[in-house]
2 protein chains.
Amino acid sequence: MNMNVDWEQRIDWAAVRKHRLQRVVDEIKANDLDAVAFTKLDTIRYAISFRSVFSLWFHGNRYILIITRDGKVKFLVASGCYERVKTSMPWITDFVAFPFVMLHGVKIVQDAFKQLGLLNAKVGLDMLPFNVFSEMQRTMPNVKFQDGTPVIDKARRIKHPDEIKAIRLAAEIVDIGMETVMSMNKPGVTEMEISAAASYAMNLAGSEETPYMPLVCSGDHGTIGYRFPTDKRLRNGELLYSDCGAAVLNGYQGDIARTTVVGGKATNEQKKIYRCMVDMLLTGQNSVRAGVSTAEIAQACQGAADKVGLGQYTYLGIVGHGIGTDIHEAPSIGDKVGEGEAVEHLIENEVICLEPGILLPGIGGGHVENMILVKKNGCEPLTKTAFDDRLLE
Amino acid sequence: MNMNVDWEQRIDWAAVRKHRLQRVVDEIKANDLDAVAFTKLDTIRYAISFRSVFSLWFHGNRYILIITRDGKVKFLVASGCYERVKTSMPWITDFVAFPFVMLHGVKIVQDAFKQLGLLNAKVGLDMLPFNVFSEMQRTMPNVKFQDGTPVIDKARRIKHPDEIKAIRLAAEIVDIGMETVMSMNKPGVTEMEISAAASYAMNLAGSEETPYMPLVCSGDHGTIGYRFPTDKRLRNGELLYSDCGAAVLNGYQGDIARTTVVGGKATNEQKKIYRCMVDMLLTGQNSVRAGVSTAEIAQACQGAADKVGLGQYTYLGIVGHGIGTDIHEAPSIGDKVGEGEAVEHLIENEVICLEPGILLPGIGGGHVENMILVKKNGCEPLTKTAFDDRLLE
């Protein structure tokens with residue numbers, strides 16, 4: 001499905017690119033900004049299809065993308081990626097090489113701002129090194145820097161039909177990863193052997209990278225939330241929890257979680273936990289439709305746990321999130337910490353993930369998660385890996 | 001080598017942790033700060049051995065680590081990781097759950113600053129969402145925020161002997177990845193098949209994650225700098241370039257690059273390019289010792305290319321970098337763009353990577369890269385994969 005052919009209509013990437021850039025420009029205007037200067041990699045990828053080799057782990061960030069309200073695009077690109085842009089991305093026409101340590105490139109940022117007429121403008125920012133921001137503000141005192149994140153958060157939620165095609169493919173890839181986990185589930189195998197095999201299978205199935213190793217947690221390890229695969233070996237009768245986010249297909253991410261039992265039969269307590277998680281997911285899923293609020297969905301999930309007396313053991317973090325060119329996009333669903341979530345209303349054709357979890361120390365736990373396409377009067381789960389019948393009987 | 005045993009002295013992680021936290025505190029004092037508030041994942045890992053599940057791709061960052069000049073540590077941890085810290089990291093004693101969207105947690109940051117007596121302090125920052133910084137400054141107007149990156153850049157360069165042991169192991173893992181690349185080098189195999197196999201081999205060998213898929217670029221693709229593996233198939237006689245950074249062992253990264261020829265014999269032009277790259281690496285390597293400046297090393301590499309008339313085709317970016325808990329740490333060596341590099345002098349027992357490249361469009365190219373331990377009067381390469389004799393003959 002990924003190959004480029006002329007004898008069959010597949011994903012129209014040019015149309016997707018045009019849609020996404022227009023969405024950003026629309027939101028620059030809606031947020032009353034003159035321009036945005038974005039450094040987050042998922043944001044840059046969304047706006048101009050640029051895939052970064054240098055992540056935020058490399059001394060900070062290495063790219064700045066400037067987009068003006070009249071649709072001009074200027075890209076300050078890490079020197080290591082300069083030739084790749086020049087050679088293979090003809091739609092990026094205005095770009096300059098950027099140094100390795102971002103602070104050493106502030107003069108280049110100034111030149112770009114000057115050239116684009118932004119020295120007295122309102123410019124939205126996302127995330128950047130503090131020293132770079134300070135130096136930009138010091139050397140361009142008349143620029144009014146503002147929060148640019150609403151621009152990208154809102155732009156991404158309205159998906160082009162061909163974006164949804166790409167997300168469907170990402171869902172197929174994480175199903176392949178999860179089937180790999182299930183096929184290796186037996187006593188004596190290490191968590192890392194399963195995780196590495198799932199990652200490998202997803203790469204061969206079309207996932208371009210492994211943003212994080214599939215989480216594979218067995219036994220009591222499954223009760224401490226998100227935890228990495230280790231050299232712990234699976235034991236008969238334990239619960240095994242796996243989260244196979246994320247696969248990446250041309251930037252679009254996949255995300256799935258399942259819980260199962262290792263080897264033999266499940267205990268009644270394990271069945272209770274598992275049924276509760278699946279009920280939370282299905283109840284939440286049944287509440288999804290265009291217009292519903294994120295608070296209602298979170299309450300639906302929590303209600304299913306409260307009903308069987310496990311409400312206090314639900315996972316501390318969020319219960320769901322949008323998904324697209326970032327593994328977690330807006331909206332966040334059901335945050336329990338701090339000021340909590342900003343309540344949003346779902347939009348037709350956006351894609352969310354729901355991932356309720358029960359963490360019951362001493363017994364076990366985990367998560368179950370689906371990617372879900374929001375429809376006018378309901379929804380469609382995009383991930384299809386079966387739930388464990390032994391735990392549901 | 002990774003398992004924890006009591007009958008053999010291996011890496012003393014408690015000693016490493018103590019050393020690293022003390023290094024940060026020393027540099028907080030040396031930089032005349034009262035505290036730092038760090039959000040970069042590699043920095044947090046260095047200071048307190050915390051491994052993050054949420055990367056900077058998730059709406060921005062999700063953790064803030066505050067360290068004061070008298071060594072107090074307070075950790076604002078993403079809710080998803082809260083149970084893991086509580087259950088398995090007894091050395092982190094002061095921590096609170098943080099919400100999914102960082103902006104919704106600024107009140108928690110304020111409480112922490114107040115509790116630590118930092119409301120009138122000089123606090124160093126690294127990288128954070130602009131909206132969070134703005135809100136922190138607005139709600140804590142008497143805090144003097146400053147650039148905190150020199151603290152971590154300098155702290156990390158002085159390595160504990162047990163850190164060097166860990167880096168040696170990371171080097172062994174990337175050698176395994178590179179041997180996997182070499183063993184799969186034949187016509188008809190896709191770049192991605194090789195990359196995925198190398199990643200898988202490194203995971204099974206102890207690499208805890210795949211920060212980016214091993215770069216595998218064949219033929220003319222090798223001439224456009226850092227480029228991702230694709231469905232392109234290797235062809236007889238092409239140059240094949242691979243960069244198997246990064247493996248990760250308890251946070252310590254490995255990094256290696258090699259270039260080879262696919263199938264049959266190499267052309268004289270290919271040999272010339274390859275000999276030049278290897279000469280650049282070995283000449284640079286021979287110049288490494290404690291006290292030498294990064295500028296001298298960069299000049300040594302460039303000089304080897306100039307000597308054979310290929311000086312204009314050297315890779316645009318840097319020629320080398322420090323390595324440790326970040327894949328690229330300070331110092332940067334030989335940046336050609338912007339204000340260029342900040343010249344530094346190497347320190348005994350720090351570890352750097354040199355990775356000279358030649359990119360000759362129409363002919364081919366690539367990089368070769370070693371991890372190198374800096375010694376008092378010379379150096380020791382830590383990566384051992386052989387160069388291709390067919391290209392050197």
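Guide: Let's start with a cut-off: a residue counts as buried if its relative accessible area is under 20%. Keep in mind, too, that this is a predicted model.

Visitor: Fine. What makes Ser199(A) count as buried?

Guide: Its relative accessibility is 1%. The limit is under 20%, so Ser199(A) is buried. You'll find Ser199(A) in helix H8 of chain A, residues 191-204.

Visitor: Which residues does Ser199(A) touch, not counting those up to four places away in sequence?

Guide: Thr210(A), Met213(A) and Pro214(A). Contact here means heavy atoms within 4.5 Å.

Visitor: And Ala171(A), why is that called buried?

Guide: Ala171(A) comes out at 0% relative accessibility, and with the limit at under 20%, Ala171(A) counts as buried. Ala171(A) belongs to helix H7 of chain A, residues 161-183. Once neighbours within four places in sequence are set aside, Ala171(A) contacts Met371(A), Leu382(A) and Thr383(A).

Visitor: How far apart are the C-alpha atoms of Ala171(A) and Asp6(A)?

Guide: They are separated by 25 Å, with the two positions 165 residues apart along the chain count.

Visitor: On to helix H4 of chain A. How do you know where its buried residues lie around the axis?

Guide: First, who they are: Val106(A), Ile108(A), Val109(A), Ala112(A) and Phe113(A) are buried in H4(A), which covers residues 106-115. Looking down the axis of H4(A), these buried residues fit within an arc of 155°, so they line one face of the helix. As background, an α-helix has 3.6 residues a turn, so residues three or four places apart point the same way.

Visitor: What is on the other side of H4(A), buried or exposed residues?

Guide: Exposed ones: Lys114(A) and Gln115(A). Exposed asks for over 50% relative accessible area. Just after H4(A), Gly117(A) has a positive phi of about 70°.

Visitor: What makes a set of residues a nonpolar core?

Guide: The members must be buried, come from a list of nonpolar residue types that includes Phe, Tyr and Val, and be joined through side-chain atoms within 4.5 Å. The largest such core here has 76 residues, and Val24(A), Phe50(A), Phe54(A), Tyr63(A) and Phe75(A) touch the most other members. Helix H7 of chain B (residues 161-183) gives the most to this core, 9 residues. Apart from it there's another core, of 73 residues, including Tyr212(A) and Val85(B).

Visitor: Which residues does Phe75(A) contact beyond four places in sequence?

Guide: Among them are Ile44(A), Ile48(A), Phe50(A), Tyr63(A), Leu65(A), Val85(A) and Ile92(A). Asp94(A) is on the list as well.

Visitor: Now the sheet with S13 and S15 in chain A. How do you know that S13(A) and S15(A) pair?

Guide: Pairing takes at least two bridges, and S13(A) (residues 320-322) has 3 bridges to S15(A) (residues 351-354), running antiparallel. One of the bridge partnerships is Gly322(A) with Ile352(A). The open sheet has 5 strands, in the order S14-S13-S15-S18-S19, with antiparallel pairing.

Visitor: Why are S14(A) and S19(A) said to stand at the edges?

Guide: Each has a single partner strand, so one side of each is left without a neighbour in the sheet. The twist from one strand to the next averages 25°. Helix H10 of chain A (residues 294-307) lies across S14 and S15, at about 45° to S14(A).

Visitor: What makes strand S3 of chain B mostly covered?

Guide: Of its 6 residues (73-78), 5 are buried. S3(B) pairs antiparallel with S2(B), residues 64-68, over 4 bridges, and Ile66(B) has Lys74(B) as a bridge partner. Another 4 bridges join S3(B) to S4(B), residues 95-98, and these two run parallel. There, Val77(B) is partnered by Ala97(B).

Visitor: What do S2(B) and S3(B) form together?

Guide: A hairpin with 4 residues in between, and in the turn Gly71(B) has a positive phi of about 85°.

Visitor: Last one: what relation links chain A to chain B?

Guide: A turn of 180° with a shift of 0.0 Å along the axis lays chain A on chain B with an RMSD of 0.0 Å. That's the relation of a two-fold axis. On top of that, 100% of chain A's interface residues are also interface residues in chain B, so the copies meet through the same surface.

How values were computed. Residues are numbered from 1 along each chain as its sequence is written. Chains are lettered from A and ligands numbered from 1 in the order in which they are written. This is a predicted model: local features need pLDDT of at least 70, side-chain atom pairs count only at pLDDT 80 or more; totals for chains, interfaces and linings use all residues. Side-chain values use heavy atoms; hydrogens and water are left out. Buried means under 20% relative accessible area, exposed over 50%, partly exposed in between (1.4 Å probe, protein chains only). The arc is that of the directions from the helix axis to the C-beta atoms. Axes are lines fitted to C-alpha atoms, for helices over the stretch in contact, and angles run from 0 to 180 degrees between N-to-C directions. Copies are superposed by least squares on the C-alpha atoms of residues with pLDDT of at least 70 in both.
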